[in-house]
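Welcome to this short tour of a protein chain. Take a moment to turn the structure around before reading on.

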Amino acid sequence: MLDSKTLALAQDVRALLARGLDALARVGIETEPLKQALLDLEGPFLLVVAGEFNSGKSSLLNALLGGDFLKEGVTPTTDRINLIGYGPEPKLEPQSPELVLIQLPHPLLKDVRLVDTPGTNAILQHHQVLTEKFLPRADLILFVTSADRPFTQSEADFLNFIRSWGKKVVLVINKIDLLTEAELQQVLEFVQKGADQTLGHIPPIFSVSARRARQGSTAQSHIPELETHIRQVLTREAALLKLGSPLGVLARLCEEARPALENKLKEAEKQLATCRELDNLLRRHEERTRRDFSGQVALALQAIDEVRTRGERWLDEKVRFSKFLELLQSSKLKQSFIDDVVKGANQDIERRVLEAMNWLAKRDRELLEDALSLLREAPGLRQTEQVGPEERTIAGNLEEALRSFDAEAEAIQLRDFIQESLRGTALAEVGVMGLGLTILLVAQKIAFDILGIFATVFGAILATSILPRRKETAKARLRERLAELRSTLEQALSETLDTEMQRTRERFNGLYRTPCTRLENSRDTTLAQLQQTEQLRTEALELRRRLG
């Protein structure tokens, strides 16, 4: 009957194991050992006898049970797991090609099941696999080493394997009948040292002779001391060892999960570096485009400034008292203004605006080309032969976008953006007449407005004094109207740039953000799983510590 403290610990163990099963299944780790450990919690205490072939495992069990129940020999004789339990009559029941159930009427077996495993380090690798597969189920392990070849390197390696599952070990040195007392003492010291180096502590060690026990020299065999220790363990520690066994399995499986999760996390971070580079590329593209587009805008606006310069020069040349008669011919004067000041400027402005739109479209194409170049050539992101699935998706998206990109169609669409921006302004007719003709129309209106200033001057008596002031007024009006035109066009170009930057950002993000978001989610999930398995391992080890 378990006391209340042990019952509470048992509940904690089962709850932790259930969480561990769910977490490890999500990670993709094989959980069969943990499922079996949960089932074994309800079963009898499992005392597993392990060791290398010809170390005397089967003969030790025969000595403990007082009979010839298991085959013995100098070659590997145990080729299956022998599960030895209590029964009123001797009975052997094969359970599978790998497992045999043996029932014997021995009182020791009422409290424990003994497990005889195939010897390790044999030429038959299948035997080692069978033993390693069963070891996680053990509640306590009797590890048998032979006195004539004690604690070999292969045995140390196998004990490390046992330790990794968190199993408690009792070391048994068999065949001491082959040694003198002095030799036995040397062997014992050697085994103690090796165990301490391998396990980190010195476990209980028993020196026995199964042969002497079989020959009737029970006291000299020291088998009774080993049996007494086993019974003491069953009496005092069985419940706690039973609860601690699956915790060792959980800690081991969490440890096994770590490398795969760390590699997965590393790979996700490696691919996310590509996403960050693409984010940076888009940011730099926008910064450069905004900076350099100001030069394209300046070229377009320069044509308006040139109109202003020509207009002021024309006023200086034409509005003079010496050309009084010419000033009286208003229709010719207006045509002269159009020919000398405006003519050609409208086509020049339209050409420069369209060149700016073509330039902007080419920048979009260059962004796609730079992104593909980054994926293929950027050092430190990845090796060409190690392309992740999301990177293949991104590269495919970029290649398709580049194949289907039409710079000319893009420039035409940008021109449409400008026309939309100019609606409701002095250039509202641009959508009907085109930018060049609309500017020409506006220029003609400016000419009429400016020349109207002189309409009442020429018949005035004081024309000589009024004319200079009206000329300056005309220049001011010219500058004002052209500044309005300049501001309107500059604002339209700025709005078109903003619109295009937004469209570029959305289109470019659409090519890689979805795969990158999946990568970010995968990274976050993997990190959470890694943290969870680490937490489970820590809790398992802490619970084992509480079990003692």
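A residue counts as buried when its relative accessible area is under 20%, as exposed when it is over 50%, and as partly exposed in between. Keep these cut-offs in mind, because they explain several labels below, including the one for Glu490, which at 37% relative accessibility counts as partly exposed. Please also remember that this is a predicted model.

**The whole chain**

Let us begin with the overall picture. The chain contains 18 helices and eight strands. It has 548 residues, and 47% of them count as buried. About 27,000 Å² of the chain is exposed, with carbon and sulfur atoms supplying 51% of that area. Contacts can also be sorted by how far apart the partners are in sequence: among contacts between residues at least 6 apart, 76% join residues at least 24 apart.

**Helix α3 and its surroundings**

How many residues of helix α3 are buried? The helix runs over residues 57-65, and nine of its nine residues are buried, so it is mostly covered. The buried residues are Lys57, Ser58, Ser59, Leu60, Leu61, Asn62, Ala63, Leu64 and Leu65. Just after α3 comes Gly66, with a positive phi of about 70 degrees.

**Two pairs of packed helices**

Two packed helices are described by the angle between their axes and the distance between the axes. What is the crossing angle of α3 and α9? Their axes cross at roughly 80 degrees and come within 10 Å, with α9 covering residues 223-236. The two helices are therefore roughly perpendicular to each other. On the α3 side, Leu60, Ala63 and Leu64 make the contact, while α9 brings Ile223, Leu226, Glu227 and Ile230. By class, these residues divide into six nonpolar, no polar and one charged.

The second pair is helix α2 (residues 32-40) with α10. Their axes are 9 Å apart and pack at an angle of about 170 degrees, and α2 and α10 are therefore roughly antiparallel to each other. Pro33, Leu34, Ala37 and Asp40 of α2 meet Lys242, Pro246, Val249, Leu250 and Leu253 of α10. This contact has seven nonpolar, no polar and two charged residues.

**A buried threonine**

Now look for Thr145, which sits in strand β6 (residues 140-146). Is Thr145 buried or exposed? Its relative accessible area is 1%, and because that is under 20%, Thr145 is buried. The side chain of Thr145 makes a polar contact with the side chain of Glu155 at 3.0 Å. The Thr145 side chain also reaches the backbone nitrogen of Phe151 at 3.1 Å. Setting aside neighbours within four places in sequence, Thr145 is in contact with Ser55, Pro150, Phe151, Glu155, Val172, Ile173 and Asn174.

**Two residues with a positive phi**

Most residues other than glycine have a negative phi. Which loop holds Lys175? Lys175 lies in the loop between β7 (169-174) and α6 (181-199), and it has a positive phi although it is not a glycine. His222 also has a positive phi without being a glycine, and it lies in the loop between α8 (218-221) and α9. The table sets out their phi values and accessibility.

| Residue | Phi | Relative accessible area | Label |
|---|---|---|---|
| Lys175 | about 70 degrees | 18% | buried |
| His222 | about 65 degrees | 31% | partly exposed |

The labels follow from the cut-offs: Lys175 is buried because 18% is under 20%, whereas His222 is partly exposed because 31% falls between 20% and 50%.

**Two glutamates in helices**

To finish, find two glutamates. Glu286 lies in helix α10 (residues 238-318). With a relative accessible area of 17%, Glu286 is buried. Apart from neighbours within four places in sequence, Glu286 is in contact with Met501 and Arg505.

Glu490, the partly exposed residue from the start, lies in helix α18 (residues 463-547). What separates the C-alpha atoms of Glu490 and Ala300? The two residues are 190 residues apart along the chain, and their C-alpha atoms are separated by 8.6 Å. Not counting residues up to four places away in sequence, Glu490 touches Val297 and Leu301.

Notes:
Residues are numbered from 1 along each chain as its sequence is written. Side-chain values use heavy atoms; hydrogens and water are left out. Helices (H or I, at least four residues) and strands (E, at least two) are DSSP runs, numbered from the N terminus. Buried means under 20% relative accessible area, exposed over 50%, partly exposed in between (1.4 Å probe, protein chains only). Contact means heavy atoms within 4.5 Å. Accessible areas come from the Shrake-Rupley method with a 1.4 Å probe; for residues, only the protein chains shown count as cover. A polar contact is a pair of N or O atoms within 3.5 Å; within protein, one must be able to donate a hydrogen and the other to accept it, and residues adjacent in sequence count only if both atoms are side-chain atoms. Axes are lines fitted to C-alpha atoms, for helices over the stretch in contact, and angles run from 0 to 180 degrees between N-to-C directions. Angles under 35 degrees count as roughly parallel, over 145 as roughly antiparallel, 65 to 115 as roughly perpendicular and the rest as oblique. Ala, Val, Leu, Ile, Met, Phe, Trp, Tyr, Cys and Pro count as nonpolar, Asp, Glu, Lys and Arg as charged, and the others, Gly among them, as polar.
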